[in-house]
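This report walks through one structure, element by element, for a reader who has not met it before. Please keep the sequence and the 3D view at hand while reading.

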Amino acid sequence: MKKEDKAQVIEMIGNTLSQYSAVYLTQTQGLDAEKTSALRRACFKGDIKMLCVKNTLLKEAFKNSDVDYSGLYDLLHGETTLLLSNVGNAPAKLIKNFRKKDDTLPMLKGAYVEESVYVGEDQLEVLANIKSKNELIADVIALLQSPAKNVVSALQSGGNKLHGILETLSNK
């Protein structure tokens, strides 16, 4: 590959990386064509971009990026497939669901999610349980609404009791 072509590919990878907040490095070597196609379809349905890239080009794209991906440099060996998403836990959930059919693949090398680096296969469960930004906002709103709902409920039930008492007294 010519130097100009490499520069274009690095720039393309860098532009793609800049569009996503979650970057997963996986190993899919060993998947046959049928399973690879199934994985690609699952990624498409889950709004996850799947890219197979050369490690040297990916490392250069990481270095040229504004984001600090240095924790992932050591993972760039062997075959590497990128799973990119704007929902932090979506690729981890996809990997877990895909593994129900095949126990070992794809294998998680590492991930960059929410400005944190996760290294190793053992981090898959942690990544799958991470809540997205929208889920956290919904939880905070629910917590903030809970006391207000309790006050309104108490006032309404108290009003019903008071109304019942007044009605009973007026009937006597």
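## A strand and its partners

Which residue of β3 is the bridge partner of Met50? The partner is Leu83, and this pair belongs to a wider arrangement in what is a predicted model, in which strand β2, covering residues 49–53, pairs with β3 in the antiparallel sense over five bridges. Strand β1, made of residues 22–27, also runs antiparallel to β3 and is joined to it by five bridges, with Leu25 standing opposite Leu82.

All six of the six residues of β3 are buried, so this strand is largely enclosed by the rest of the structure. In a regular strand the side chains alternate between the two faces of the sheet. In β3, Thr80, Leu82 and Leu84 point one way, whereas Thr81, Leu83 and Ser85 point the other way.

## The surroundings of Thr81

Thr81 is part of strand β3, which spans residues 80–85, and Thr81 counts as buried because its relative accessibility is 0%. Its side chain takes part in a polar contact of 2.7 Å with the side chain of Glu79, and in another, of 3.0 Å, with the side chain of Thr28.

Once neighbours within four places in sequence are left aside, the residues in contact with Thr81 are Tyr24, Leu25, Thr26, Thr28, Met50, Leu51 and Cys52. Among these contacts, Leu25 is the residue that stands opposite Leu82 in β3, while Met50 has Leu83 as its bridge partner in that strand.

## Cysteines without a bond

How many disulfides does the count come to? The count is zero. A disulfide is a covalent bond between the sulfur atoms of two cysteines. For Cys52, the closest cysteine sulfur is that of Cys43, and because the distance is 9.9 Å, the two are too far apart for a bond; a disulfide would need the sulfur atoms to lie within 2.5 Å. Cys43 itself counts as buried, with a relative accessibility of 1%.

## Helix α4 and what covers it

Helix α4 runs over residues 90–99, and seven of its 10 residues are buried, so the helix is largely enclosed by the rest of the structure. The buried residues are Ala90, Pro91, Ala92, Leu94, Ile95, Phe98 and Arg99.

The elements that cover these buried residues include the strands β1, β3 and β4, the last of which spans residues 107–113, together with the helices α2, at 33–45, and α5, at 124–128. The strand β3 therefore appears here as part of the cover of α4, besides being largely enclosed itself.

## An aromatic cluster

The count of aromatic pairs comes to two. One of them joins Tyr69 and Tyr112 in an edge-to-face arrangement, with 4.9 Å from centre to centre and 65° between the planes. Because Tyr69 lies in the loop between α3, at 55–64, and β3, while Tyr112 lies in strand β4, the pair ties together parts that are 43 residues apart in sequence.

Both tyrosines are buried, Tyr69 with a relative accessible area of 2% and Tyr112 with one of 10%. Ring pairs also bring in Phe62, so that Phe62, Tyr69 and Tyr112 are linked into a cluster.

Note on methods: Residues numbered from 1 in each chain as written. Predicted model: local features only at pLDDT ≥ 70, side-chain atom pairs only at ≥ 80, totals over all residues. Heavy atoms only, no water. Helix = DSSP H or I, 4+ residues; strand = E, 2+ residues; numbered from the N terminus. Buried < 20%, exposed > 50% of the residue type's maximum accessible area, 1.4 Å probe, protein only. Polar contact = N/O pair within 3.5 Å; in protein donor to acceptor, adjacent residues only side chain to side chain. Contact = heavy atoms within 4.5 Å. Pairing = 2+ DSSP bridges. Phe/Tyr/Trp six-rings, centres within 6.5 Å; stacked < 30°, edge-to-face > 60°.
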